[in-house]
Amino acid sequence: MGVPFVHNSKGCSRQRRGCQSPGSGFGKRGNRQETGVEISKGRFERQDWHWGDRAHDGSPQNGFPRHTLMTKPTGKQQPPPDDDSSGKIQIPLAELIRTRRKKVVELTGRGVNCYPYRYENTRPVSELLSDFDDLAASETVVRLAGRVMLKRKMGKAAFADVRDAAQRIQIYVKVDNVGKDAFDLFDAVDLGDILGCEGTLFVTRTGERTLKVTSFELLTKSLHPLPDKHSGLTDKETRSRRRYADLIVNPEVRDLFVMRTRIVKAIRDFLNARDFLEVETPILQPLYGGGMAVPFTTYHQRLDRDLYLRIADELYLKRLLVGGLEKVWEYCKDFRNEGIDRLHNPEFSMIELYWAYADYKDMAELFEELLRHIVLETHGSYKIAYGEHEIDFEPRFRWVSMIDSIKDKTGVDFMGLSFEEAKKAAGEYDLEAGKLINRGKVIEAVWEATVEPSLIQPTFIVDFPVEISPLAKKHREREGLTERFELFVAGQEMGNAFSELNDPVDQLERFLQQGKALQAGDKEAQPLDDDFITALSYGMPPSAGLGFGVDRLVMLLTNQHNIRDVLLFPQMKDMKEGSVPVSGILAQIVQDEKESDST
RNA sequence: GGGGGUGUAGCUCAGUGGUAGAGCUCCUGCCUUUUAAGCAGGCUGUCGAUGGUUCGAGCCCAUCCACCCUCACCA
């Protein structure tokens, strides 16, 4: 852990490291005397919180931030009053956590383990609810476990809402049923605590299905208060940074990520059923390639060389075609060192599949079937809503060439036009001149300006200009074009496929062209991959290849419009200033506990 | 990167230059079928950061940071 794996991602693992082994860090913290600082009376200075392991300098770390609490010499400090508030971090959160931690200490003193090891024979709440009538009538004793979301205490009885992975249920705890000691323990239960409960099911006066608790066990004490019980957690930044809190209080978020997993499973099932072999290829690569992108660079010490995080899987999967595997695919995490926005995260998921003896038309058939399968599996219908649109996957997808689609829209036919002629024809559109560096780019730019936004229902755009398709085979009939399609749905690209270029000489020439671009300063151009050319020289069968972004697909199928919302842990910039790490609060509390023990 | 917006208590939000507020959470008390339980009382903040204007700044100005929307580029 001493040397950061990826130079560019500093700070990404800070929080995780801090959580590893809190116990090991407490004794090593400088005390007040040594650091020459003083805990101010009732005030925690946020900016004086220092993370010991922030610098990536390779120095040994103990896995826990070195805490240094200090204050500004404000001159307003007074000797701590002799009540028990001296030295406390008195931001409100700290007080809330302190109160809960006190309960842990007290309960532990009474022999209650606030962090026991297991709770057995539980049933999912969903099952208890679906079998409710029978279970209630037979007074079957059942057990469940979950998190306390709401609590309503009334003297010698109490209700609480407990939620497990999928459902919530009300529990009823009455002193007559559980005994005084247990009822006192229930008094100490906070929102957020995790409980195991045993009892029978009944319906309350007001008609709510409820577990009448006969015994319960505290399974985990929660120290951090939950977000507001009514309005929940709405701040998008906090929801992304603390996805765990988001998942606790926003059931629809949980549903969305369950849906994401179902989508991936549907893809996997579909490809497995067609004998595509799921493989794994290197993420850490001596040379990147297979796409146009800026890579992340990292360094291997023992090899004493730079390595790259992959930007695409293409070149490795094609090597497997050479090796005779014929039908391969990979669920791949790729990394691109580019901007972060509504549609882009530095690490993202793709599916790439390669199919020997097939061409791009076969691949289009397969892709269409795959999407229909996924939509039906996950939605139970072929129609989905996306924003203001209803997308229907049932009819055959339109199939139209890029050049024809422009002709249909504008009347201009780019087929057979030279670069100069094409540029002239494009003159009436407001295009960025710097991009119009060849015929293919001009056609693409015109197409993007005129046709792309209108592609709401699933549409294959096919036969791209050769200049913008360096890995695709030349079209067997149409001069200057390649056998390539991209699928568009709701105005967005949902996949990209070619009849794969397998002539090693042609591929070498295209690499050399890319090499020139790289030298000329195009950071996204692809470097020459000698080993890939070597592989092609052995002979790669005629093949079709397809790649599509999983995150984008999940967005489409879950009606989300920001990639961050379909990623459990999206990349975030460094934390905004002013927030106090919970570990700092806990460290302070534990220090106070130790001091009060020794006095 | 350009343009627009937001940042106040753990959470959700008020607060247009004059002593930082509400609801929820939390604490104390009452309450044995409640349900955003209720009732009574109480604690809680470097108003994102830094600088400026002002007798006085949460509020006005500048810079910076983060997030959201939007435009251009990569999936």
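Biologist: I'd like to start with a side chain: which backbone oxygen lies 2.8 Å from a polar atom of the side chain of T450?

Modeller: That backbone oxygen belongs to V446. A polar contact means a pair of N or O atoms within 3.5 Å; within protein, one must be able to donate a hydrogen and the other to accept it, and residues adjacent in sequence count only if both atoms are side-chain atoms. Before we go on, this is a predicted model, where local features need pLDDT of at least 70, side-chain atom pairs count only at pLDDT 80 or more, and totals for chains, interfaces and linings use all residues, while side-chain values use heavy atoms and leave out hydrogens and water. Residues are numbered from 1 along each chain as its sequence is written, with chains lettered from A and ligands numbered from 1 in the order in which they are written.

Biologist: Good to know. Where is T450 found, and is T450 buried or exposed?

Modeller: Helices (H or I, at least four residues) and strands (E, at least two) are DSSP runs, numbered from the N terminus. T450 sits in helix α16, which covers residues 439–450. For burial, buried means under 20% relative accessible area, exposed over 50%, and partly exposed in between (1.4 Å probe, protein chains only). T450 has a relative accessible area of 15%, so T450 is buried.

Biologist: What does T450 touch, not counting residues up to four places away in sequence?

Modeller: Contact is counted for heavy atoms within 4.5 Å. On that basis, T450 touches K409, T410 and Y429.

Biologist: Now a strand, please. How do I read β16, and how many of its residues are buried?

Modeller: All 6 of its 6 residues are buried, so to speak a mostly covered strand. Try looking along the side chains: R484, E486 and F488 point one way, F485, L487 and V489 point the other way, and all are buried.

Biologist: Which strands pair with β16?

Modeller: Two strands pair if DSSP finds at least two bridges between them. Strand β15 (residues 459–462) pairs with β16 in the antiparallel sense over 4 bridges, and V462 has F485 as its bridge partner. Strand β17 (residues 492–499) also pairs antiparallel with β16, over 6 bridges; here E486 is partnered by N496. The hairpin of β16 and β17 has 2 residues between the strands, and A490 takes a positive phi near 55°.

Biologist: What surrounds F485, leaving aside its neighbours within four places in sequence?

Modeller: F485, part of strand β16 (residues 484–489), has a relative accessible area of 0% and is buried. The residues in contact with F485 include Y360, M363, A364, F367, F460, I461, V462 and L546. As for spacing, the C-alpha atoms of F485 and A472 are 10.0 Å apart, with their positions 13 residues apart along the chain.

Biologist: In what order do the 5 strands of the barrel close?

Modeller: The order is β1-β2-β3-β5-β4, with mixed pairing. From one strand to the next the twist averages 50°, an angle that can run from 0 to 180 degrees between N-to-C directions, with axes being lines fitted to C-alpha atoms (for helices, over the stretch in contact).

Biologist: How is β2 placed among its partners?

Modeller: Strand β1 (residues 142–154) pairs with β2 antiparallel over 7 bridges, with A158 as the partner of K153. Their hairpin has 2 residues between the strands, and G155 in the turn has a positive phi of about 60°. On to β3 (residues 168–174): 7 bridges join β2 to this antiparallel strand, V173 is the partner of A158, and 4 residues make up the link of the hairpin. Strand β2 (residues 157–163) is mostly covered, with 7 of its 7 residues buried. Elsewhere in the barrel, β4 (residues 194–203) and β5 (residues 209–220) pair antiparallel over 10 bridges.

Biologist: How many disulfides does the structure hold?

Modeller: A disulfide is a pair of cysteine sulfur atoms within 2.5 Å. The structure holds 0 disulfides. For C114, the nearest cysteine sulfur is that of C197, 15 Å away. The C197 sulfur is therefore too far from the one in C114 for a bond. C114 is buried, with a relative accessible area of 1%, and C197 is buried with a relative accessible area of 1%.
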